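Got your viewer open? Take the tour below one stop at a time, selecting as you go.

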Amino acid sequence: AGRSRSRRGGCEMVTVAASLDATEAALSSIRAAPAESSAPAPHEPLASAPWRHAFSTLVSHRAFVSDGFGEVAFKLEEHWEFAVGAFTMEDVARDVTLLPPQFVASGMRHQGGVYNQPFAAGFSFADVDTRMDSATVVMLNAGFLVPKLASISLAMLEATGLPIWLNVYLSKPGLATSTQLHTDAQDVVLVQCTGRKRWRVYRPPPPGKTPSLDPFARGKGTDHMEFVEEDLLIDTVMEPGQVLYIPAGYPHTTDTLLEPVEDEVASQPSVHLTVGVDSHIWSLSYAHLRQHALTRAGQPAALSDGAPVSALPLPQWLRLHAPLPFGFLSARHLAAGGGG
């Protein structure tokens, strides 16, 4: 898969590509899963202990803090064994109706666009299973409403100190398109629990090419994104226990139309957890800070030459729109308490 972020002259492109490869290698080699002998802290539920350890280790790792968060998509080399079977179709059957119908949906095509189609009031697991024959079903905000997932959400919230949410995605094998090519406003950690799913992640397109469109909501509704093969960063099949990180604004698409494999996993529906950090939803980025400061000063938010921010070259645009660092909301409390 191509990994260069620069399409400029030869030497510079090679240098940038080599640097990015080294960064991705460092990120992919992060060891976040706890050792099997690790014991939970006193009064901590046994099931949540490995999630707390893994999330806190990942987001506090030097490579992730300095080069990964909001900047580089990567797949961890290690398996999180505790995540294998952590949430299954049996759990879905038990818990899916805890969610209001508008929180359970699947993608549908309507009048030339792609939209989420929620379930009707009084829906059942049988309805979900039937819808899964032709589409991926998502349990939106499941981490707030499903007890088994609440501790996982809390683990990420405490690790990042930022607003988070958790969705569950359900896909049967054989879907040629599980999710269309699109971008999201969240930085996400994807954890595969059962089954397999293929993911392709691409470099963001320059915002200046489509200045009227939100870079964090591309490929939705009637906005159709085009595949640009030279921008492909990751093409991988996720196995149970594997972890993938995708920054906000990075286009991605999924399918479950995979090469035949004779094993137990092949027949399982794909169930994965998407744990997202909501920095951009809550305006917690340097771009929003800049805009707010200029507005308070009575200055326009445009660049010094009058051009919109979307006119910036992609590397500068990405850096400006980077999320604020983990734990920045805690600084005031640490200062008040005399902490370092």
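What follows is a walk through a predicted model, from the whole chain down to single residues.

**Stop 1: the whole thing**

Start with everything shown as a cartoon. You should be able to pick out 10 helices and 12 strands. The protein has 340 residues, and 46% of them count as buried. Now think about who touches whom: if you take contacts between residues at least 6 apart in sequence, 82% of those join residues at least 24 apart.

**Stop 2: the sheet of 8 strands**

Colour the strands and look for an open sheet with 8 of them, in the order 1-10-7-12-5-4-2-3. The pairing here is antiparallel. Strands of a sheet pair through backbone hydrogen bonds, so switch those on if your viewer can draw them. Which strands sit at the edges? Select 74-75 for strand 1 and 113-118 for strand 3: each of these pairs on one side only.

Next, zoom in on strand 5 (residues 164-171) and strand 12 (residues 270-277). These two are joined in the antiparallel sense by 8 bridges. Click on Tyr169 and you'll find His272 of strand 12 standing opposite.

**Stop 3: two helices that pack together**

Select residues 49-60, which is helix 2, and residues 147-160, which is helix 7. Their axes are 9 Å apart and the packing angle is about 30°. That angle is why helix 2 counts as roughly parallel to helix 7. The crossing of the two is right-handed.

Show the side chains where they meet. From helix 2, you want Trp51, Arg52, Phe55, Ser56 and Val59. From helix 7, pick Ile152, Leu154, Ala155, Met156, Glu158, Ala159 and Thr160. Try colouring this contact by residue type: you'll get 8 nonpolar, 2 polar and 2 charged residues.

Bring the sheet back into view. Helix 2 lies across strand 1, strand 7 (187-194) and strand 12, and runs at about 145° to strand 7. Helix 7 lies across strand 5, strand 7 and strand 12, and its angle to strand 5 is about 135°.

While you're here, click on Ser153, another residue of helix 7. Is Ser153 buried or exposed? Its relative accessibility is 5%, so it counts as buried. Setting aside neighbours within four places in sequence, Ser153 touches Gly143, Ile164 and Leu166.

**Stop 4: the sheet of 4 strands**

Now hunt for another open sheet, this one with 4 strands in the order 6-11-8-9 and antiparallel pairing. Strand 6 (179-182) and strand 9 (232-238) are at the edges with a single partner strand each, so one side of each has no neighbour in the sheet. Going from one strand to the next, the twist averages 15°.

Select residues 197-202 to get strand 8. It runs antiparallel to strand 9, and 6 bridges join the two. Lys197 faces Met238 in strand 9, while Arg198 has Val237 as its bridge partner there. Then look toward strand 11 (residues 252-255): 4 bridges link it to strand 8, again running antiparallel. Find Arg200 and its bridge partner in strand 11, Thr253. Strand 8 is largely enclosed by the rest of the structure, because 5 of its 6 residues are buried.

**Stop 5: a leucine in a loop**

Select Leu175, in the loop between strand 5 and strand 6. With 7% relative accessibility, Leu175 counts as buried. How far apart are the C-alpha atoms of Leu175 and Leu257? They are separated by 5.4 Å, although the two positions lie 82 residues apart along the chain as a sequence separation. Leaving out neighbours within four places in sequence, the contacts of Leu175 include Met132, Ala135, Asp255 and Leu257.

**Stop 6: two positive phi angles**

Finish with a pair of backbone angles. Asn141 is in the loop between strand 4 (137-139) and helix 6 (142-145). Its phi is positive, about 60°, although Asn141 is not a glycine. Asn141 counts as partly exposed, because its relative accessibility is 22%.

Ser283 is your last click, in the loop between strand 12 and helix 8 (286-296). Ser283 also has a positive phi of about 60° without being a glycine. At 36% relative accessibility, Ser283 counts as partly exposed.

Note on methods
Residues are numbered from 1 along each chain as its sequence is written. This is a predicted model: local features need pLDDT of at least 70, side-chain atom pairs count only at pLDDT 80 or more; totals for chains, interfaces and linings use all residues. Side-chain values use heavy atoms; hydrogens and water are left out. Axes are lines fitted to C-alpha atoms, for helices over the stretch in contact, and angles run from 0 to 180 degrees between N-to-C directions. Angles under 35 degrees count as roughly parallel, over 145 as roughly antiparallel, 65 to 115 as roughly perpendicular and the rest as oblique. A crossing is left-handed if the near helix is turned anticlockwise from the far one by less than a right angle, and right-handed if clockwise. Contact means heavy atoms within 4.5 Å. Ala, Val, Leu, Ile, Met, Phe, Trp, Tyr, Cys and Pro count as nonpolar, Asp, Glu, Lys and Arg as charged, and the others, Gly among them, as polar. Two strands pair if DSSP finds at least two bridges between them. Buried means under 20% relative accessible area, exposed over 50%, partly exposed in between (1.4 Å probe, protein chains only).
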